[in-house]
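Me: I have a model open and would like to talk through how its chains meet, and then a couple of backbone oddities.
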Protein chains: 2
Amino acid sequence: MTSSTSLATAAFVQTEGDIRLVVDGRVLFCHSERNPAIFVGQGEADISMQRGNFSIRDYVQERLALRHAWLDQAAARLDLRAWVDGPVLLSLSLQVQDNVLRLVPQNVDAGINRLWLRVPAAADEHVWGCGEQMSYFDLRGRNFPLWTSEPGVGRDKSTWLTLQADNEANAGGDYYHTNYPQPTYISSQRYCLHAVTTAYADFDFRHQQFHELQFWAVPKAFEFLLADDFVQLVSQVSSHFGRQPRLPEWVMKGAILGLKNGREHAQARLDDALDQGVAVSALWCEDWEGLRITSFGKRLFWDWQWNSTRYPDHAAWVASLEAQDIRFMGYVNPYLCNDGPLFQEAQEAGYLATRVEGGTYLVDFGEFLCGVVDFTLPAAAQWFEERILRREMLDKGLSGWMADFGEYLPIDLKLAGDADPMLEHNAWPVRWAEVNARAIANAGKTGDALFFMRAGYSGVQRHCPLLWAGDQSVDFSRHDGLQTVICGALSSGLLGNAYHHSDIGGYTSLYDNCRTGELFQRWAEMAAFTPVMRTHEGNRPDQNLQFWQDADTYAHFARMTRLYVGLRPYLQSLVDEAEASGLPLQRPLFLHYEQDPETYSIQDQYLYGKDLLVAPVHAEGQREWTAYLPRGDQWQHLWSGERYAGGQRVTVAAPLGQPPVFIRVGSRWQATFETLADLAL
Amino acid sequence: MTSSTSLATAAFVQTEGDIRLVVDGRVLFCHSERNPAIFVGQGEADISMQRGNFSIRDYVQERLALRHAWLDQAAARLDLRAWVDGPVLLSLSLQVQDNVLRLVPQNVDAGINRLWLRVPAAADEHVWGCGEQMSYFDLRGRNFPLWTSEPGVGRDKSTWLTLQADNEANAGGDYYHTNYPQPTYISSQRYCLHAVTTAYADFDFRHQQFHELQFWAVPKAFEFLLADDFVQLVSQVSSHFGRQPRLPEWVMKGAILGLKNGREHAQARLDDALDQGVAVSALWCEDWEGLRITSFGKRLFWDWQWNSTRYPDHAAWVASLEAQDIRFMGYVNPYLCNDGPLFQEAQEAGYLATRVEGGTYLVDFGEFLCGVVDFTLPAAAQWFEERILRREMLDKGLSGWMADFGEYLPIDLKLAGDADPMLEHNAWPVRWAEVNARAIANAGKTGDALFFMRAGYSGVQRHCPLLWAGDQSVDFSRHDGLQTVICGALSSGLLGNAYHHSDIGGYTSLYDNCRTGELFQRWAEMAAFTPVMRTHEGNRPDQNLQFWQDADTYAHFARMTRLYVGLRPYLQSLVDEAEASGLPLQRPLFLHYEQDPETYSIQDQYLYGKDLLVAPVHAEGQREWTAYLPRGDQWQHLWSGERYAGGQRVTVAAPLGQPPVFIRVGSRWQATFETLADLAL
């Protein structure tokens, strides 16, 4: 681990040619008149939103290179000017505290609303992170706008599906769109850079010599974490953003069944699933609060109170589930529909964001309008925690919920205390996570009640106990299908999100793109090797295959839940590890094999803990699969028992039901793992 | 007309707040520290090309506002600095000569390779021009990159056709892609601004207060032409860029039949067409030089010599056509295929552009490779003129040709004298036009031999006698179909291109998009009211309807050629007018009705001369059509004889064969026009 000494003595060093900041061989900052490190300027943003899909354009009026630097060695401060005799437009102070090196902008010229920082890069450098990235794990060679939003449907401008979504509502998305961006990356040079800001940012890793980080407000600080190896670095990152609570024990007992058709349906599905040998931990009923019928179909009724029509005798029912050791989970989001009583209550108390010109700001969600609870107002946040999450949900027996949305905050509303929506937009998922976490904490249920979110931003780690990968399309597509979930787990995992999972079988079915049994089975196979297995009926349950509708899929799913339960002791050990060190459960191969450069860009395989390598089949019609086994260990194929030396690509049989998984030979869990194949029969 | 006096006394005027240049009430330049007129900087372009389809990205490293201006009143020069005590980064001198006001950049800092000029704009201002624009006539509200290229297939990112073309070869295009861009616009404030440069440019008309013109090299000058009305302004513009030669008389005798299947096919089609009552002026046989069979189908053999296999006994045949008063036309482009003898000849003489690392630069056109004749080398241009255009074409009896391409010049080749391909790219169409014009002039055939081009740039006017609208898709689509041809004629016409025409029935048939009889008929109806009627078999003749394959279409086409011939006296008068005043034959309505603001943005109707208003039916399945009739005149419907007051939208019957055309009541051609309806029976 990088000694605090080397950080403590870190300093800008001026030579003839440039001014540098070098720590343990890593050039973190380099400035010269010819190649300035900082550019500042003014821009005018042009932003529009359609249901969480943003169109963002910037008109950069000025971009000045701060070529002229004057170093105050004693103050560890650089004063930066655009021209020799001009005013200082920005200073940069070097500060070290708690193993974090900070470059802190000061004396910032008032006219500046754009800043570009160039961080020295090596030609062969890899970078990862930037939140939960769904398309590319290794970020080098591309730029990543960082603005929480809908990730898009299709997310690939070359596909007809994406084009149709774009034409309908600018909803197609692109490779960088994500519910959870974060201005933080990890470099293969073994440092992490985090920008302390919630402003719109764009991290550009396309240049050979430098990374150029763009911000639409001057960040409070640029923070650098350093370590000698990736395991230590990731652990430090987790500590920096806040350790997550433990995954509840009850979750590990089986799959969470996602259902949304009332109590009778839920009970029938549960009974049947148990009969079929499915291990079940909970029922997750999105429609616990009731439905709204629109011309688009069934939607949920966004007023967060138990609906006794759809779920009668709730207390008795929840008790009967508990007697079967089955938990009950619900759904909530930060909006309140304006035809529900909670909206009235919030409006009367002044808890809803308003329009600039006055009056409650209403968001159109398609034939219904919603108010936005203003979480910048402590009383409003507290009301949501106590009145809704506590009284209507936890106290009514809910053991958790999907805490949906968080990434839609419009930028044209008025918040309490005149908080700037352009700065609050990215902060919103964290505020939303905090509201949920606090409600659970105040009920004394941290580590027991479980909520899961798709939206995120810097700091969501400390509040949100479980990410879910959002709304994949029900397919194997490159940018919106099964494989994107792996990329999302790996990138978010490096930044301190230890727990990740996804909707088994995907969610979004549009334009006749429907879920197949094979897709569901491949997804379930992968999910068995993640912290949480949870199904979802999808956005169009009636047009898409449900696991109980097809005997093969049902049996396969049951086997995979048994396999998941069989992994429970190992999963518990990973939870211990996450608690102790902040390491994610799903890990990129290079985390433990950093001497093997082949591993650095792999994004469709992962280590599950240190001892299992998982290479999910993410293409249709494949019955064998090729995986890379990292150098330095021997690997035993879970199903055949065959052993392979690391440092090679191997092809194994991969029929449905036998996901390509390899045991690290020498693992202390080898015996446990070897029982798995039988459990899955 | 703006008196030369007011131009002669034009001067920068400094007030407390700003420095202005105002001529006859038009604010042509306005600068203040707060709102600077000029920004300069450095950018790094990233450009790639696939067969004329460019992908262009710019990384702007610096953009400095030149806030600090010092006016040397005596020298009529502004010195501009980025900061008060900094160096002069650019001066701007005001010069007036020959009725042109010029702002001439001088003392330009060597580091500058980007310049942005802000021209004051009025909120309700309209702008037109920028070359031959196919999607938008009124340019306000959009930006227009100006770089000659393929216009794209579909040109509409919301269509499946465009996406397929994009996926295949980045060939889908967008609204601003054009074979003929030009950094020149006409403002509704009755001035024309022309930037003297061939650098990549982007004219941005999206701002309320100013137009922002971007250049990737500092222009030699910004030229302003002013006039009191649009007719005078357009006439001045034509004089400025060079008047075109007269349209040859022989063209007006009927349609030019586009054929490409050898002599027998050509003769048979001609005989039959004449039998069917089609008025024919010429045969245009693209395949006069022979074919090449590739896996994509039949391509032309790009070695520009008469092919006696496909067209035997050429002298006798051309003579026999001449006896029938039918001309023969061919095809040529600026490339030479490397398996033809002319390539060898050019290569040996050193007339071909080379690779930077040496050796002939070869362009891949799909299973064949071509050399690029280096027109920056006077000897090479002369060789092309004399050896090919004169000896192989004019001397062999060709009366004209399509001078194809001109917009593909790669930017990574080496030209003679180290000419910069980034600056030569936009210049290339004009060099190509000049080679063609000079060959014809040296043969004493100017005004008799006729070539037509799709590519263009500033100055093409003085060389190219006829534009053709390029390769529309064979459909009615908004951005690549029939109606785009009108937009192309109007925008290019305002900039001094008096003659415009298009492939009747369109050209590009891809992805099962095929020509219908209705499309051909609607296109022919329009073409009858343009200077030249010419058919094209299209890129896939066998899969697309040819006029002789359908009796209705054949008869309709014959009628339209008779109507065209019936218009001959009027057309001759328009040719006289073009020669005298430079007015285009197809004119936007506002050119003669500038007091009627309704006319300013109309782009799917035109005045044909002053006395006919043409509103082509450009949608499928329509049998009536609504047109706007400009205020101030009465209009008589060509077919019904019904008269309408101007200043209103009227709906008329528009069956196939009766294109919506209106006669200006009081026209001296009224009697001629009134015979047209009979001719078209």
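Reply: We can take the interface first and the backbone afterwards, keeping in mind that this is a predicted model.

Me: How many residues of chain A are in contact with chain B, and how much area do they bury between them?
Reply: On chain A, 23 residues are in contact with 23 residues of chain B, and the two chains bury about 1,900 Å² between them, with 49% of it on carbon and sulfur atoms. A:Tyr59, A:Arg63 and A:Trp83 supply 28% of the area that chain A buries against chain B, which is more than any other three residues supply.

Me: And how many salt bridges are there between chain A and chain B?
Reply: The count is two salt bridges, and in one between these chains the side chains of B:Arg67 and A:Glu62 meet at 2.4 Å, N to O. Polar contact across the interface comes to 19 residue pairs, both residues being at pLDDT 80 or more.

Me: Which element gives the most to the side of chain A that touches chain B?
Reply: That is β5(A), with eight residues, and by class this side of chain A has nine nonpolar, six polar and eight charged residues.

Me: Switching to the backbone, where is A:Asp418, and is it buried or exposed?
Reply: A:Asp418 is in the loop between β28 (413-414) and α8 (421-442) of chain A, and it counts as exposed because its relative accessibility is 58%, over the 50% cut-off. Its phi is near 55°, a positive value in a residue other than glycine.

Me: What about B:Phe405, buried or exposed?
Reply: B:Phe405 counts as buried, at 8% relative accessibility, and is found in the loop between β27 (400-403) and β28 (413-414) of chain B. Its phi is near 60°, also positive in a residue other than glycine, whereas most residues other than glycine have a negative phi.

Definitions and conventions:
Residues numbered from 1 in each chain as written. Chains lettered and ligands numbered in written order. Predicted model: local features only at pLDDT ≥ 70, side-chain atom pairs only at ≥ 80, totals over all residues. Heavy atoms only, no water. Helix = DSSP H or I, 4+ residues; strand = E, 2+ residues; numbered from the N terminus. Buried < 20%, exposed > 50% of the residue type's maximum accessible area, 1.4 Å probe, protein only. Contact = heavy atoms within 4.5 Å. Buried area = accessible area lost by both parts, 1.4 Å probe. Salt bridge = Lys/Arg side-chain N within 4 Å of Asp/Glu carboxyl O. Polar contact = N/O pair within 3.5 Å; in protein donor to acceptor, adjacent residues only side chain to side chain. Nonpolar A, V, L, I, M, F, W, Y, C, P; charged D, E, K, R; others polar.
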